[in-house]
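This report goes through one protein model, part by part. Please keep the sequence and the structure in view while reading.

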Amino acid sequence: MDAVLIDGKAISAQIKDELKEKTQKLKAETQTEITLAVVLVGEDPASQVYVRNKRKACEYIGYRSLAFELPADTTQDCLLNLVKDLNGRDDVDGILVQMPLPSQIDEKKVINAISPAKDVDGFHPMSVGALCIGEPGFVSCTPAGVIQLLKRSGVEIAGKECVIVGRSNIVGKPMAMLMLRENATVTVAHSKTRDLKEVCRRADILIAAIGRHRMITADYVKEGAVVIDVGINRIPETGKLCGDVDFDDVLPHVSAITPVPGGVGPMTIAMLMNNCYEAFIMRRKN
Ligand code: NDP
């Protein structure tokens with residue numbers, strides 16, 4: 001059986017093009033712009049790249065992006081004041097504070113300070129709670145992207161056994177809630193799970209969000225499973241990018257799989273852009 005390669009680049013491009021079209025219409029109708037405020041504290045090179053990519057995506061779709069670049073020694077109060085100011089601005093639809101933050105700043109306090117109506121990262125406890133009880137709210141972008149990859153690749157979710165390896169607040173847990181919402185039977189595995197291989201081999205859909213390069217080999221995978229690799233790691237010897245799944249080893253056994261890079265990665269920004277659009281619509285409805 002030839003495995004389907006789930007192309008995150010193509011699917012994310014499709015989502016961005018759909019948003020671009022909707023945004024053009026919206027602009028023509030309302031004469032207003034969707035605005036994302038991006039806050040970066042310090043000069044972490046990886047964060048700078050993420051922020052640049054988010055800005056580029058805004059430009060492509062036609063959103064206005066506001067950049068707030070603060071020095072690494074910014075105090076918590078200063079950042080909280082900025083967030084408060086952005087919460088109150090009527091011309092700002094979404095607020096994103098790039099993580100990680102320098103050690104003098106409590107990330108939780110910052111996340112909690114963002115208005116849930118503008119929480120386009122979906123990290124606020126209100127957003128997480130809404131997801132758990134099936135209320136409308138923003139969903140963390142990476143797991144939301146995985147759902148889109150599955151749906152747009154024609155993978156049926158309802159009734160399937162889904163195993164998620166990883167239980168972080170930004171990937172594993174919201175992923176489990178979303179798969180449950182799609183009527184999968186969900187198991188969440190983690191570092192204390194006994195006999196992980198056997199648990200993973202139950203999965204019709206196996207989602208790896210571990211952060212360990214190429215840990216998931218063929219003996220974790222049931223014949224014909226769909227494998228989604230959220231991991232973004234570097235191979236220690238070469239520095240090359242790789243996922244949590246040993247792609248070449250697993251490939252002959254799966255019905256569909258995401259590559260790294262080019263799988264889940266590009267979806268995160270596409271879903272962030274989608275959340276910005278939703279934020280604009282929701283704020284004007286309420
Ligand atoms: P975390 O480190 O927060 O969580 C990792 C999870 O994996 C934990 O729940 C941990 O278990 C579990 N785990 C670690 N080792 C093992 C093991 N040996 N066996 C079973 N479970 C294990 O990571 P994140 O969720 O933030 O990220 C996971 C991966 O996804 C990373 O590679 C990250 O770079 C990538 N990522 C990719 C994104 C994208 O855009 N594609 C976005 C976000 C993350 P326990 O809870 O017991 O410690």
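## A pocket and its lining

The model is predicted. The lining of its second largest pocket is made up of 15 nonpolar, six polar and eight charged residues. The volume of this pocket is about 680 Å³. There are 29 lining residues, and those closest to the pocket centre are Gly137, Phe138, Val139, Asn275 and Glu278.

Several helices take part in the lining of the second largest pocket. Those that give two or more residues are α1 (8–30), α5 (125–133), α6 (141–152), α7 (172–181) and α10 (265–285). Which element gives the most to this lining? The answer is α10, which supplies seven residues. As a general point, empty space is found by rolling a probe the size of a water molecule over the atoms.

## Two domains

The protein chain is split into two domains: domain 1 covers residues 31–115, and domain 2 covers residues 141–265. Between the C-alpha centres of domain 1 and domain 2 the distance is 29 Å.

## The three-stranded sheet

One open sheet has three strands, in the order β3-β2-β4, and their pairing is parallel. Why does one side of β3 and of β4 lack a neighbour in the sheet? Both β3 (64–70) and β4 (94–97) are at the edges and have a single partner strand each, so one side of each is left without a neighbour in the sheet. From one strand to the next, the twist averages 15 degrees.

Strand β2 spans residues 35–41, and four bridges join it to β4 in the parallel sense. One residue to look for here is Val38, whose bridge partner in β4 is Leu96. Helix α2, residues 45–61, lies across β2, β3 and β4. The direction of α2 is at about 170 degrees to that of β2.

## The six-stranded sheet

Another open sheet is formed by six strands, again with parallel pairing. Reading across this sheet, the order is β1-β11-β8-β7-β5-β6. Its edge strands, β1 (4–5) and β6 (185–189), each pair on one side only.

At one edge, β1 pairs with strand β11 (residues 254–257) in the parallel sense, over two bridges. Leu5 is the residue that stands opposite Ile257 in β11. Helix α7, which is among the elements lining the second largest pocket, lies across β5 (161–165), β6 and β7 (205–208). Relative to β5, α7 runs at about 170 degrees.

## Backbone exceptions

Most peptide bonds are trans, and most residues other than glycine have a negative phi. Some places in this model depart from that pattern.

Where does the peptide bond between Met99 and Pro100 stand, cis or trans? This bond is cis, with omega about 0 degrees. Pro100 belongs to the loop between β4 and α4 (107–113). Another cis peptide bond runs from Val260 to Pro261, and its omega is near 0 degrees. Pro261 sits in the loop between β11 and α10. Gln31 is an exception in phi: the value is near 60 degrees, which is positive, although Gln31 is not a glycine. The loop between α1 and β2 contains Gln31.

Key. Residues are numbered from 1 along each chain as its sequence is written. This is a predicted model: local features need pLDDT of at least 70, side-chain atom pairs count only at pLDDT 80 or more; totals for chains, interfaces and linings use all residues. Side-chain values use heavy atoms; hydrogens and water are left out. Two strands pair if DSSP finds at least two bridges between them. Axes are lines fitted to C-alpha atoms, for helices over the stretch in contact, and angles run from 0 to 180 degrees between N-to-C directions. Contact means heavy atoms within 4.5 Å. Domain bounds come from an automatic or database domain assignment. On a 1 Å grid over the protein atoms alone, a cavity is a set of points where a 1.4 Å probe fits but cannot get out, and a pocket is an open set with protein on both sides within 12 Å along at least five of seven lines; lining residues have an atom within 4 Å of a point. Grid points are joined across faces, edges and corners, and a volume is the space filled by probe spheres set on the points. Ala, Val, Leu, Ile, Met, Phe, Trp, Tyr, Cys and Pro count as nonpolar, Asp, Glu, Lys and Arg as charged, and the others, Gly among them, as polar.
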